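Please open the model in your viewer and keep the sequence panel beside it. The tour below moves from one selection to the next and says what is found at each stop.

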Amino acid sequence: MRYLYIAFTIIIFISGCSPTVSPVDDGLEKQIFHFGNGSEPQGIDPHIVTGVPEHHILISLCEGLTSPGPRGGKSLPGAAESWDISEDGTVYTFYLQKNGKWSNGDSLTSEDFVWSWKRLLTPSLGAQYSDMLYTVKGASDFHNGLTENFNDVGIEVIDDYTFKVYLNNPTPYFLGLLSHYSTWPVHKETVLKHGAIDDRNGQWTRPGNFVCNGPFNLKSWELNSRIIVEKNPLYWDANVVKLNEIRYYPVSNVMTEDRMFRAGQLHNTYTIPSQKCPVYIEAKNKDLKIDPYMGTYFYRLNTNDPVLKDPRVRKALAYSINRKQLVEKVTKCGQLPAYSFTPPGSAGYQPDTSIPFDPELARQLLAEAGYGPGSEFPKLEILFNTNEDHRKIALAIQQMWQQNLGVDIVLVNQDWKVYLNREMIGDYQVSRAGWIGDYEDPNTFLDLLRPNRGNNKTGWENLEYDRLIEQANTVKDQSERHNLLRKAENILIDEMPIIPLYTYVRSYQLSSDVKGYYPNYLDSHHPKYIYLERD
Amino acid sequence: MLRVFISRMLMAIPVLLAVATMTFFLIKLAPGGPFDAEKAVSPQVLKNLNAAYNLDASEWEQYTDYMSGILKGDFGPSFKYPGRSVTEMIGVGLPITFELAFYAILIALVIGVFSGVLAALNRNTLLDFIPMAIAMIGICVPTFLMGPLLVLIFGIQLEWLPVAGWGQLAGDKILPSVTLGFAYAAYIARLSRGGMLEVLNQDFIRTARAKGLTEPMVVIKHAMQGGLIPVVSFLGPAVAGLLAGSFVVETIFQIPGLGRFYVEAALNRDYTMILGTTIFFSAMIVFFNLLSDLAALWLNPRSRDV
């Protein structure tokens with residue numbers, strides 16, 4: 001035993017003892033933000049990647065025409081210093097920053113945007129977010145191969161620093177779309193130096209090759225270990241930027257991330273282990289943040305299923321769920337019960353739907369649908385991807401449906417890709433789902449359930465719903481538009497192809513030394529406003 | 001020995017070919033594809049993506065393309081990480097996993113052999129029971145418990161060592177190496193105790209002692225050579241197991257090794273990455289088994305000249 005102890009002590013001393021200053025304290029002095037970023041990004045090509053960790057990195061490296069404000073809300077100038085919108089809301093004229101530069105010193109011009117959008121819409125690139133530009137005239141046709149001439153797409157260059165964009169309809173959220181990384185510019189010469197316009201595997205995103213126009217430059221990238229970005233002195237608004245470096249750590253294990261935060265290796269965490277959330281709330285952990293988030297957790301119902309095709313059955317299922325109990329006793333991390341599909345308050349939109357918790361009414365609806373005494377309701381299956389939190393929720397719903405409706409429920413968990421595949425081909429009855437808004441507008445939710453949308457997956461088609469959303473897209477007046485969307489959402493909740501359960505929150509830990517990091521609905525934190533200062 | 005070596009090397013070729021072929025067709029059978037995501041991809045985009053990665057060709061065509069690529073040392077591009085080739089990713093992860101495995105096996109050997117020999121020499125005394133009890137704990141406690149436990153004590157409570165990372169902060173390699181090494185140390189301790197006990201009762205040990213050799217000489221020069229053969233035989237599969245099974249420790253300690261790529265590739269349906277890492281790990285297992293067999297042959301004088 002003695003020897004073991006000696007051996008262990010020697011190992012510790014040989015390897016250089018303990019660090020004296022934690023990375024967080026060291027970072028405070030040098031303005032280096034140690035950022036817990038969830039998982040290894042797929043890449044940093046804004047036209048190819050999808051996902052939140054990628055967004056966190058890209059927002060420091062590149063910039064679109066508009067940029068999100070530190071507290072959300074209205075879009076602020078980005079690569080464009082200002083813009084005009086035509087009377088009918090369909091023509092946008094953008095005026096680029098005169099001192100806008102790429103990180104290699106080249107000027108950022110209108111042509112850069114034209115070329116970048118052409119790249120995003122080039123079919124053979126296989127960009128997954130190309131539909132972000134479908135509001136632009138001719139963009140959808142070009143992307144779907146109906147025209148090969150990019151001049152048919154509604155972008156017109158006026159001069160080096162001015163260009164016009166023609167939209168199909170007045171789209172009030174268009175400026176918000178431009179804060180999404182898929183619409184950001186890439187440096188033509190750099191991309192073409194390392195591959196063709198549609199090359200997904202080009203090496204232009206590597207450190208040393210990468211050129212973009214954001215407040216930070218790519219310094220190094222150690223795969224699965226960390227990505228370091230450093231302040232870009234050529235950025236047009238460089239005076240505002242206070243951080244010198246951001247180090248992104250792809251910590252996919254939430255427990256490891258939590259330990260790293262506690263040990264002073266990270267300034268923030270991407271999320272928190274769900275089982276720790278109530279503990280931290282109870283302990284009044286001052287680093288715990290629970291912010292509103294534009295996302296809804298819901299159950300999809302397969303309306304092609306012989307049992308679930310009856311809206312009365314779907315409503316009975318929805319009315320027999322106690323959402324308040326679900327968020328207070330099961331999820332326990334500040335989530336809000338959802339009584340609409342769109343999170344309330346997104347871009348000023350307030351849904352006026354309600355979903356009562358009324359087991360009596362639910363049983364009555366079920367009886368009307370032919371499942372009363374003597375006619376037993378067949379077994380129902382809830383599909384979810386393997387995850388302890390989804391299981392807990394499914395267990396609670398199973399119990400509520402069994403208790404309130406006497407329905408027998410089977411829980412089926414599947415590996416992520418199998419679950420996605422079964423949802424896609426409609427091989428399910430009830431399936432757990434979540435949706436996070438891509439931009440701050442109710443359309444990002446309501447568009448999902450229009451017929452023929454790939455993400456509908458419920459088989460539900462309602463032409464009136466589709467017409468109302470289509471009509472809302474042509475209206476410029478915001479309150480009139482919201483009225484139309486509210487009408488559509490009422491149809492949705494009345495037909496209930498999906499059962500909203502709760503509105504997401506963003507729960508994470510943030511060191512009190514981090515300033516300029518404000519809660520906002522899209523969880524978009526522009527690093528140019530962030531700095532470190534001892535609390 | 002040379003004959004053994006050559007015949008085993010020749011046997012490895014059909015083994016690896018079978019592994020590659022079976023993996024290739026098995027992953028295609030698994031439901032879900034590399035481009036399935038919560039935000040569904042439109043049919044048009046999916047078509048473009050399949051074309052970009054040659055997934056629209058027939059299975060046979062894809063197979064022959066892939067196999068001819070391997071012969072040229074090209075494992076193809078990763079589907080999950082555009083712009084990265086599988087060869088590059090293995091190249092990045094492998095040295096780290098190797099380093100981790102090296103430290104772990106070193107710790108395992110030092111602790112394992114030492115306590116095993118100590119226990120064998122002091123059979124049925126406290127010096128036997130205590131190390132063997134610890135070894136039993138080491139075998140029973142999984143790394144996913146041992147790792148966080150060590151982190152909690154040495155990282156968070158005592159603040160002596162970093163809790164995660166690899167080569168970024170001073171001392172960040174200690175806890176993962178100890179965690180991974182400890183589990184193997186336990187096996188090695190039991191094996192070396194067993195091996196030593198068997199050898200210590202043999203006639204040639206008695207002869208050595210009768211000749212008046214000192215006890216350390218008897219143990220180190222004569223007993224250990226035979227007594228540690230089980231440990232050497234165990235080392236081959238252990239090193240291969242360490243390489244392929246370092247996933248848990250790599251995840252707990254945020255180490256950018258190959259183990260994480262391997263498991264995540266399967267979850268992501270990153271076809272080329274699954275194939276690349278599977279073939280690579282198979283080759284490693286074949287190679288280290290061969291190496292340990294050769295070492296055991298060499299250590300055993302009766303089979304040395306075969």
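## A first stop in chain A

Begin by selecting A:Ser140, which in this predicted model sits in helix H5 of chain A, the helix formed by residues 139-143. Is A:Ser140 exposed, partly exposed or buried? It counts as partly exposed, because 18 C-beta neighbours lie inside 10 Å of A:Ser140, whereas the buried class would begin at 20. Now add A:Leu192 to the selection and draw a distance between the two C-alpha atoms: A:Ser140 and A:Leu192 are separated by 52 residues in sequence and by 24 Å in space.

## Chain A as a whole

Widen the selection to chain A and switch to a cartoon view, in which 17 helices and 18 strands can be traced. Taken along the principal axes, the C-alpha atoms fill a box of roughly 80 × 75 × 40 Å. The radius of gyration of chain A is 25 Å, which agrees with a compact globule, because one of 535 residues would have a value near 24 Å. If you colour chain A by burial, 49% of its 535 residues count as buried. Among the contacts in chain A with a separation of 6 or more, 67% are between residues 24 or more positions apart.

## Where the two chains touch

Next, show chain B together with chain A and select the contact, to which each chain is a contributor: 48 residues come from chain A and 48 residues from chain B. On the side of chain B that touches chain A, at least two residues each are supplied by helix H2 (43-52), helix H4 (86-121), helix H6 (143-157), helix H11 (247-252) and helix H12 (258-268). Coloured by class, that side of chain B shows 31 nonpolar, nine polar and eight charged residues.

## Two helices of chain B

Stay in chain B and select H4(B) with helix H5 (residues 126-140), whose axes come within 8 Å of each other and cross at roughly 145°. The crossing of H4(B) and H5(B) is left-handed. To see the contact itself, display B:Ser115, B:Leu118 and B:Ala119 on H4(B), and B:Leu127, B:Asp128, B:Pro131, B:Met132 and B:Ala135 on H5(B). By class, this contact of H4(B) with H5(B) has six nonpolar residues, one polar and one charged.

## The last stop: H12(B)

Finally, select H12(B), which is mostly covered, with eight of its 11 residues buried. Among these buried residues are B:Phe261, B:Tyr262 and B:Ala265, and also B:Arg260 and B:Glu264. Step past the end of H12(B) to B:Arg269, which follows this helix and has a positive phi, near 55°.

Terms used
Residues numbered from 1 in each chain as written. Chains lettered and ligands numbered in written order. Predicted model: local features only at pLDDT ≥ 70, side-chain atom pairs only at ≥ 80, totals over all residues. Helix = DSSP H or I, 4+ residues; strand = E, 2+ residues; numbered from the N terminus. Buried ≥ 20, exposed ≤ 12 C-beta atoms within 10 Å, placed from the backbone. Rg over C-alpha atoms; globule rule 2.2 N^0.38 Å. Contact = placed C-beta atoms within 7 Å. Nonpolar A, V, L, I, M, F, W, Y, C, P; charged D, E, K, R; others polar. Axes fitted to C-alpha atoms, helices over the stretch in contact; angles between N-to-C directions. Left-handed = near helix turned anticlockwise from the far one by under 90°.
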